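Here are a few exercises to help you find your way around a new structure. Try each task yourself before reading the solution.

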Amino acid sequence: MNIELLVACSLYALGHTFNWFAMHSQFVWPWWEGRVIAPAIVFGLPAGFSFIWGTTFAFKAMSELWGPRFLGFTMSFFVFPLLTWYFMNESMFTLKTMICILLSFAILGVQMFWR
């Protein structure tokens with residue numbers, strides 16, 4: 001593992017965090033309900049930059065585009081369950097969700113450690 005992969009993972013996690021708030025703030029706080037433009041700007045722009053820079057670092061580390069694609073996808077399975085549990089009180093400890101998370105760990109491991 002190198003520093004580019006760590007930075008890429010951090011940026012993807014940050015991007016997914018912003019994305020979670022852009023998509024789901026409407027269900028957490030009444031003020032966001034029915035608003036479309038405000039969350040797209042407030043959360044969408046930083047999410048977009050995080051994903052772009054994350055892909056830049058991941059590509060430098062992996063020298064391919066498939067690796068960053070799966071890395072970004074897998075990082076969402078770290079962020080989404082935690083934020084959904086914390087803000088929506090929805091447990092990630094169902095059999096279906098736990099299997100999906102374990103598969104995400106497997107995908108991440110293959111992409112990061114298979115050379």
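## Exercise 1: Threonine 55

Leaving out residues up to four places away in sequence, threonine 55 touches Tyr12 and Pro68, where contact means heavy atoms within 4.5 Å. Before we go on, note that this is a predicted model, in which local features need pLDDT of at least 70, side-chain atom pairs count only at pLDDT 80 or more, and totals for chains, interfaces and linings use all residues. Residues are numbered from 1 along each chain as its sequence is written, and side-chain values use heavy atoms, with hydrogens and water left out.

Your task: work out where threonine 55 sits and whether it is buried, partly exposed or exposed.

Solution. Start with the helix: threonine 55 belongs to H3, residues 44-62. (Helices are DSSP runs of H or I with at least four residues, numbered from the N terminus.) Next, take its relative accessibility, which is 28%, so it counts as partly exposed. The scale goes like this: buried is under 20% relative accessible area, exposed is over 50%, and partly exposed is in between, using a 1.4 Å probe and protein chains only. Finally, look along the chain: arginine 69 is 14 residues away from threonine 55, yet their C-alpha atoms are separated by 7.9 Å.

## Exercise 2: H1 against H3

Your task: describe how H1 and H3 are arranged.

Solution. Two packed helices are described by the angle between their axes and the distance between the axes. Here the axes come within 8 Å and cross at roughly 160°. That makes H1 roughly antiparallel to H3, a label for angles over 145 degrees. (Axes are lines fitted to C-alpha atoms, for helices over the stretch in contact, and angles run from 0 to 180 degrees between N-to-C directions.) Now check the residues: Tyr12 is among those of H1 that meet H3, and Thr55 is among those of H3 that meet H1.

## Exercise 3: Helix H4

Your task: check the length of H4 and find out what covers its buried residues.

Solution. H4 runs over residues 66-88, which is 23 residues, and at 1.5 Å a residue it should span 33 Å. (The expected span is 1.5 Å times one less than the number of residues.) The end C-alpha atoms are 32 Å apart, which agrees. Then list the buried residues, including Pro68, Leu71, Thr74 and Thr84. Their cover includes H1 (3-28), H3 and H5 (95-113).

## Exercise 4: Two threonines in H4

Your task: say what threonine 74 and threonine 84 touch.

Solution. Take threonine 74 to begin with: it is buried, with a relative accessible area of 0%. Beyond four places in sequence, threonine 74 contacts Ser104, Phe105, Ile107 and Leu108. A polar atom of its side chain lies 2.7 Å from the backbone oxygen of phenylalanine 70.

Now for threonine 84, which counts as buried at 6% relative accessibility. Its side chain makes a polar contact of 3.0 Å with that of tryptophan 20. (A polar contact is a pair of N or O atoms within 3.5 Å; within protein, one must be able to donate a hydrogen and the other to accept it, and residues adjacent in sequence count only if both atoms are side-chain atoms.) Outside the four-place window, threonine 84 touches Trp20, Asn89 and Glu90.

## Exercise 5: Asparagine 89

Your task: what is the sign of phi at asparagine 89?

Solution. Asparagine 89 lies in the loop between H4 and H5. Its phi is positive, near 60°. Asparagine 89 is also exposed, with a relative accessible area of 66%.

Notes
Helix = DSSP H or I, 4+ residues; strand = E, 2+ residues; numbered from the N terminus. Parallel < 35°, antiparallel > 145°, perpendicular 65-115°, else oblique.
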